Amino acid sequence: MSDTSTPYDIAVIGAGVAGLSCAYFLSQHTRVVILEQEDQPAFHSSGRSAALYIEGLENPVVSRLTKQSKEFFTTPPPSFTQCPLLHPRGGVTIAELDDESKLDKFLETWSPTNPDLVRISVDEAVAKVPILRKDKLSGAAYDSSWQSIDVHELLMGFQRGLRANHGELRCNAKVSKLSRASSHWIIETSAGELVANTVVNAAGAWANDVAALAGLAPLPLTAMRRTAVIIPAPAAAKDWPMVHTVNNNLYFKPESPGFMVSPQDETPSEAMDAFAEELDVAIALDRFSQITDHSFSTVLSQWAGLRTFASDRHPVLGFDPRCEHFFWLAGQGGYGVQTSPALGSLVSNALNNNAEIPADIRVSRFV
Ligand SMILES: Cc1cc2nc3c(=O)[nH]c(=O)nc-3n(C[C@H](O)[C@H](O)[C@H](O)COP(=O)(O)OP(=O)(O)OC[C@H]3O[C@@H](n4cnc5c(N)ncnc54)[C@H](O)[C@@H]3O)c2cc1C
């Protein structure tokens with residue numbers, strides 16, 4: 001399909017949670033189209049996440065953006081969804097035998113800004129998650145504010161809103177060339193050519209590839225594979241909190257139809273349709289077996305997805321100073337779902353109202 005007659009104000013490249021959230025907010029003010037190479041949105045990272053909302057995560061910038069997203073999650077616009085987007089989960093952080101000092105550091109880092117985070121005894125941790133092996137633990141903490149996100153409903157809400165605002169989503173439309181002609185971009189896709197004044201690069205692991213189409217050298221972004229495995233769980237487990245090691249080498253949480261277990265791997269990868277490597281699956285199950293006494297004989301499913309980090313592990317937003325009307329929305333790492341309302345609305349405010357992007361996430365820190 002060719003559509004060069006009526007320019008869009010904005011073309012967003014990539015229909016993961018990043019592209020959908022910013023297109024949703026942008027469509028309230030402008031004529032926007034999202035272009036997605038796959039035959040459905042959220043096929044890559046956004047459809048493969050652990051669906052968690054954790055305020056004390058990663059670094060203060062991510063924590064701030066997560067907290068800024070909370071109001072949208074708890075009170076979305078009435079037309080957005082009829083279902084709650086957040087569900088209480090709770091999170092137990094455990095220290096294994098030699099990791100007590102790491103637990104102290106974890107509490108020092110996060111409890112000043114996260115009042116729900118408290119130290120608990122090993123017995124209390126085992127009472128919350130009875131399969132934990134007491135003899136393997138030296139300490140624990142609990143944060144009642146960890147929640148599960150209904151990611152399906154979030155993505156559907158963004159798409160419903162986009163449609164209601166006359167925005168367009170085009171799947172099977174891989175962007176293959178970007179050329180700047182006077183005041184607009186000519187965008188060649190596998191579904192034809194179109195014209196837009198501004199391009200938003202929300203291509204996840206492919207963000208540097210899309211930038212290259214516009215002649216831009218890459219930013220320090222690295223896609224890293226993360227593995228997830230589903231194993232059977234006891235029936236009572238569905239209400240248990242998530243468990244996470246303070247070493248960041250294992251988490252597990254109830255996820256229908258069992259437990260989702262991840263070795264928290266971060267293996268650099270090319271942009272691709274990621275899949276779980278057998279070694280990472282084996283590592284996840286071995287670590288799980290060392291700290292629990294839950295036996296299982298089968299793996300129900302497994303997958304992997306790419307989490308793309310900037311070198312400072314902050315998101316990357318803003319107009320590229322090297323290229324007119326080329327806007328980055330990248331580097332959402334392992335927090336792109338829980339920060340999507342804040343990031344989407346920051347992009348919309350920047351493009352519609354010239355609002356400033358905060359310096360600690362602005363693209364100009366790299367170029
Ligand atoms: C196992 C795992 C657990 C995670 N857990 C959490 C969690 O609990 N909470 C949380 O907040 N985050 C979590 N994340 C991170 C989160 O999933 C990502 O931060 C988020 O999905 C990134 O969204 P995105 O839209 O940037 O990327 P993507 O969802 O990958 O979307 C980018 C899109 O761009 C498209 N694209 C690329 N190139 C082109 C092109 N040339 N033309 C057209 N389209 C193109 C791709 O097809 C893709 O659909 C997790 C990730 C993984 C893998």
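In the predicted model, helix H2 meets helix H8 through Leu-65, Gln-68, Ser-69, Phe-72 and Phe-73, which are set against Ser-340, Pro-341, Ala-342, Leu-343 and Leu-346 of H8. The residues of this contact comprise 7 nonpolar and 3 polar ones, with no charged residue taking part. Helix H2 spans residues 60-74, and its axis lies 6 Å from that of H8, at an angle of about 95°. Because angles of 65 to 115 degrees count as roughly perpendicular, H2 and H8 are therefore described as roughly perpendicular to each other.

Helix H8, formed by residues 340-353, also packs with helix H1, formed by residues 17-26, and here the axes are 8 Å apart and enclose an angle of about 50°. The arrangement of H1 and H8 is therefore oblique, and their crossing is right-handed. On the side of H1 the contact involves Val-17, Ser-21, Cys-22, Phe-25 and Leu-26, while H8 contributes Ser-340, Pro-341, Gly-344, Ser-345, Val-347, Ser-348, Leu-351 and Asn-352. By residue class, the contact of H1 with H8 divides into 7 nonpolar and 6 polar residues, again without any charged residue. Ser-340 and Pro-341 of H8 appear in the contact with H1 and also in the contact with H2.

The model further contains a ligand with 37 residues around it, of which Glu-36, Ser-46, Leu-52, Gly-333 and Gln-338 come nearest. For Leu-52, a polar backbone atom is placed 2.8 Å from an oxygen atom of the ligand. The backbone is likewise involved at Ala-18, where an N or O atom lies 3.1 Å from a ligand oxygen atom. At Gln-37, by contrast, the polar atom belongs to the side chain, and its distance from an oxygen atom of the ligand is 2.9 Å.

Two loops between strands carry backbone features that deserve separate mention. In the loop that links strand S15 (251-255) to strand S16 (258-262), where Pro-257 is located, the peptide bond from Ser-256 to Pro-257 is cis, with omega near 5°. In the loop between strand S9 (168-170) and strand S10 (175-181), which holds Asn-172, the feature concerns phi: for Asn-172 this angle is near 50°, a positive value in a residue other than glycine.

Conventions. Residues are numbered from 1 along each chain as its sequence is written. This is a predicted model: local features need pLDDT of at least 70, side-chain atom pairs count only at pLDDT 80 or more; totals for chains, interfaces and linings use all residues. Side-chain values use heavy atoms; hydrogens and water are left out. Axes are lines fitted to C-alpha atoms, for helices over the stretch in contact, and angles run from 0 to 180 degrees between N-to-C directions. Helices (H or I, at least four residues) and strands (E, at least two) are DSSP runs, numbered from the N terminus. Angles under 35 degrees count as roughly parallel, over 145 as roughly antiparallel, 65 to 115 as roughly perpendicular and the rest as oblique. A crossing is left-handed if the near helix is turned anticlockwise from the far one by less than a right angle, and right-handed if clockwise. Contact means heavy atoms within 4.5 Å. Ala, Val, Leu, Ile, Met, Phe, Trp, Tyr, Cys and Pro count as nonpolar, Asp, Glu, Lys and Arg as charged, and the others, Gly among them, as polar. A residue is near a molecule or strand if one of its heavy atoms lies within 4 Å of it. A polar contact is a pair of N or O atoms within 3.5 Å; within protein, one must be able to donate a hydrogen and the other to accept it, and residues adjacent in sequence count only if both atoms are side-chain atoms.
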